[in-house]
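Let's take a walk through this fold together, going from the sheet to the helix that covers it and then to the side chains in between. Please have the viewer open as you read.

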Amino acid sequence: MITVNDIESLIPQRAPFVMIDKLLAFSDSTTSTGFSIRADNIFAENDVFKEPGLVENIAQTAAARAGYVSYTENKPVLVGYIGAISNLQIYLLPKTGDELITEITIENQIFDVTLISGKITCNGQLVAQCKMKIFINQLKN
């Protein structure tokens, strides 16, 4: 696990919209995060973590990757936007108390656009996977 005191230092999202809680691994092409689903999560309903939370979890794993790069270069964290989601497959909905392990792989990066594939597992089972096109806002706010 990569030690970063506060995961919110790597991503632009803030509570209650934070869907990752630790950075597990980082390389040039792959990043993984962990997330323990709490009962008070905004995407938890009747002890089930819903589909929008899974999509956001993948997106925030990509954000954590970009934020970690910025962190190591002593630069501010930039805001990214989901431009497209394709091939979304959800196999099961995890329960509150479960820990998600999410891995994203960089497929291609051109200028301010990054194409990723992401997958979420829980207790060794594939939960969801998709591809995303993410745009990074390089402008200072």
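How many bridges join strand 1 (residues 22-26) to strand 2 (residues 30-36)? There are 4 bridges, and the two strands run antiparallel. Before going further, a word on the ground rules: this is a predicted model, in which local features need pLDDT of at least 70 and side-chain atom pairs count only at pLDDT 80 or more, while totals for chains, interfaces and linings use all residues. Residues are numbered from 1 along each chain as its sequence is written, and side-chain values use heavy atoms, with hydrogens and water left out. Helices (H or I, at least four residues) and strands (E, at least two) are DSSP runs numbered from the N terminus, and two strands pair if DSSP finds at least two bridges between them.

Back to the opening pair. Strand 1 and strand 2 make a hairpin, with 3 residues between them. Within the hairpin, Leu23 stands opposite Thr33 of strand 2. Thr33 also has a bridge partner in strand 6, namely Thr102. Strand 2 and strand 6 are joined by 7 bridges and run antiparallel.

Now widen the view to the whole sheet. It is an open sheet of 6 strands in the order 1-2-6-7-8-5, with antiparallel pairing. At the edges are strand 1 and strand 5 (80-90), each of which pairs on one side only. From one strand to the next, the twist averages 25 degrees; axes here are lines fitted to C-alpha atoms, for helices over the stretch in contact, and angles run from 0 to 180 degrees between N-to-C directions. Helix 1 packs on this sheet, touching strand 1, strand 2, strand 5, strand 6, strand 7 (113-122) and strand 8 (125-136). The direction of helix 1 makes about 60 degrees with that of strand 6. Contact means heavy atoms within 4.5 Å.

Helix 1 itself covers residues 51-72. Its 22 residues should span 32 Å at 1.5 Å a residue, and the end C-alpha atoms are indeed 32 Å apart; the expected span is 1.5 Å times one less than the number of residues. Helix 1 is mostly covered, with 16 of its 22 residues buried. Buried means under 20% relative accessible area, exposed means over 50%, and partly exposed lies in between (1.4 Å probe, protein chains only). Ser70, in helix 1, counts as buried because its relative accessible area is 10%. Beyond its neighbours within four places in sequence, Ser70 is in contact with Lys75, Pro76 and Val77. Just after the helix, Asn74 takes a positive phi of about 55 degrees.

What fills the interior? The largest nonpolar core (a set of buried Ala, Val, Leu, Ile, Met, Phe, Trp, Tyr and Cys residues joined through side-chain atoms within 4.5 Å) has 21 residues. Those with the most contacts inside it are Phe49, Leu54, Ile58, Leu100, Ile116, Ile120 and Met132. Helix 1, strand 6, strand 7 and strand 8 each supply at least two residues of this core. Apart from it lies another core, of 9 residues, among them Ile11, Leu23, Ala64 and Tyr68.

The segment before strand 1 is worth a stop as well. Ile20 is found there, and its relative accessibility of 1% is why it counts as buried. Leaving out residues up to four places away in sequence, Ile20 touches partners including Ile11, Thr33, Phe35 and Ala64. Gln13 lies in the segment before strand 1 too, and it is buried because its relative accessibility is 18%. Setting aside neighbours within four places, the contacts of Gln13 include Glu56, Gln60 and Ala63.

Finally, look at the charged pairs. Side chains of opposite charge can pair when their charged atoms come close. The structure holds 4 salt bridges, each a side-chain nitrogen of Lys or Arg within 4 Å of a carboxyl oxygen of Asp or Glu. In one of them, Glu99 pairs with Lys22, with the closest N and O atoms 2.9 Å apart. This pair links distant parts of the chain, since Glu99 is in strand 6 (residues 99-110) and Lys22 in strand 1, 77 residues apart. Glu99 is partly exposed at 31% relative accessible area, and Lys22 is partly exposed at 27%. Another salt bridge joins Asp40 and Arg38 (2.5 Å, N to O), and both Asp40 and Arg38 are exposed.
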